[in-house]
Amino acid sequence: MKKTRSLEQWRSIIEEQQASDLTIIDYCQQHALSKTSFYAARSKLNESSVSFVRAKVAKYVDVTEHQLSITLEVGKVNVSLPPTTPASYLGQLLRELA
């Protein structure tokens, strides 16, 4: 009985064949696939996805790194500043508070 596969299923099959060390003929024989169907599906996928590029994530990066704020205690007053506060501003602020 003939098995009908979706284009996504064929895409997966074609990717598996490409990742294997087998020729298309050997791959189709080992997986009981029709060579004609394989080539037809590959052709159809090439036509329909000319601009398709499959991307793989190489590395996940956490971009929400939390940095501690700068806290100054002067008497009973606490001043919190963002960690990106320029050093020149901090110097001026400290001189003014001294």
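Leaving out residues up to four places away in sequence, Tyr27 touches Ile13, Glu16, Gln17, Ser20, Leu22 and Leu33. That is a good place to begin a walk through this predicted model. Tyr27 itself sits in helix α2. Its relative accessibility is 3%, so Tyr27 counts as buried, a label given to residues under 20%.

One of the residues that Tyr27 touches, Glu16, deserves a closer look. Glu16 belongs to helix α1. With a relative accessible area of 42%, Glu16 is partly exposed. Along the chain Glu16 and Tyr27 are 11 residues apart, and their C-alpha atoms are separated by 9.2 Å.

**The nonpolar core**

Where does Tyr27 fit in the wider picture? Tyr27 is one of the 10 residues of the largest nonpolar core. The other members are Trp10, Ile13, Ile14, Ile24, Cys28, Leu33, Phe38, Ala41 and Leu45. Three helices each supply at least two residues of this core: α1, which covers 7-19, α2, which covers 24-30, and α3, which covers 35-48.

Ile14 shows how some of these residues come together. Setting aside neighbours within four places in sequence, Ile14 is in contact with Phe38, Ala41, Arg42 and Leu45. Of these partners, Phe38, Ala41 and Leu45 are listed in the core as well.

**The aromatic cluster**

Now follow Phe38 to the aromatic rings. How many aromatic pairs are there? The count comes to two. In one of them, the rings of Trp10 and Phe38 have their planes at 80 degrees, so the pair is edge-to-face, as angles over 60 are. This pair links distant parts of the chain, since Trp10 is in helix α1 and Phe38 is in helix α3, 28 residues apart. The other pair joins Phe38 and Tyr39, and their planes stand at 85 degrees, so this pair is edge-to-face too.

Here are the two pairs side by side.

| Pair | Ring centres apart | Angle between planes |
|---|---|---|
| Trp10 and Phe38 | 6.2 Å | 80 degrees |
| Phe38 and Tyr39 | 6.1 Å | 85 degrees |

Together, Trp10, Phe38 and Tyr39 form one aromatic cluster. Which of these residues are buried, and which are partly exposed? Trp10 has a relative accessible area of 8%, so Trp10 is buried. Phe38 is buried as well, with a relative accessible area of 0%. Tyr39, at 36% relative accessibility, counts as partly exposed.

**A pocket and a loop**

Trp10 also takes part in another feature: Trp10 is one of the residues lining the second largest pocket. This pocket has a volume of about 180 Å³. Besides Trp10, its lining includes Lys2, Lys3, Thr4, Arg5, Ala32, Leu33, Ser34 and Ser37. By class, the lining has three nonpolar, three polar and three charged residues. Leu33 is worth picking out here, as Leu33 lines the pocket, belongs to the largest nonpolar core and is touched by Tyr27.

Ala32, another residue of the pocket lining, lies in the loop between α2 and α3. The relative accessible area of Ala32 is 70%, so this residue is exposed, being over the 50% mark. Its backbone has a feature to look for: phi of Ala32 is near 55 degrees, a positive value in a residue other than glycine.

**The chain as a whole**

Finally, step back and view the whole chain. Its secondary structure comes to four helices and two strands. Read along the sequence, these elements follow the pattern α-α-α-β-β-α. The protein chain has 98 residues, and 19% of them count as buried; among the buried ones are Tyr27, Trp10 and Phe38. Of the contacts with a separation of 6 or more, 29% are between residues 24 or more positions apart.

Key
Residues numbered from 1 in each chain as written. Predicted model: local features only at pLDDT ≥ 70, side-chain atom pairs only at ≥ 80, totals over all residues. Heavy atoms only, no water. Core = buried A, V, L, I, M, F, W, Y, C linked by side-chain atoms within 4.5 Å. Buried < 20%, exposed > 50% of the residue type's maximum accessible area, 1.4 Å probe, protein only. Contact = heavy atoms within 4.5 Å. 1 Å grid on protein atoms, 1.4 Å probe; cavity = no way out; pocket = protein on both sides within 12 Å on 5 of 7 lines; lining within 4 Å. Points joined across faces, edges and corners; volume = space filled by probe spheres on them. Nonpolar A, V, L, I, M, F, W, Y, C, P; charged D, E, K, R; others polar. Phe/Tyr/Trp six-rings, centres within 6.5 Å; stacked < 30°, edge-to-face > 60°.
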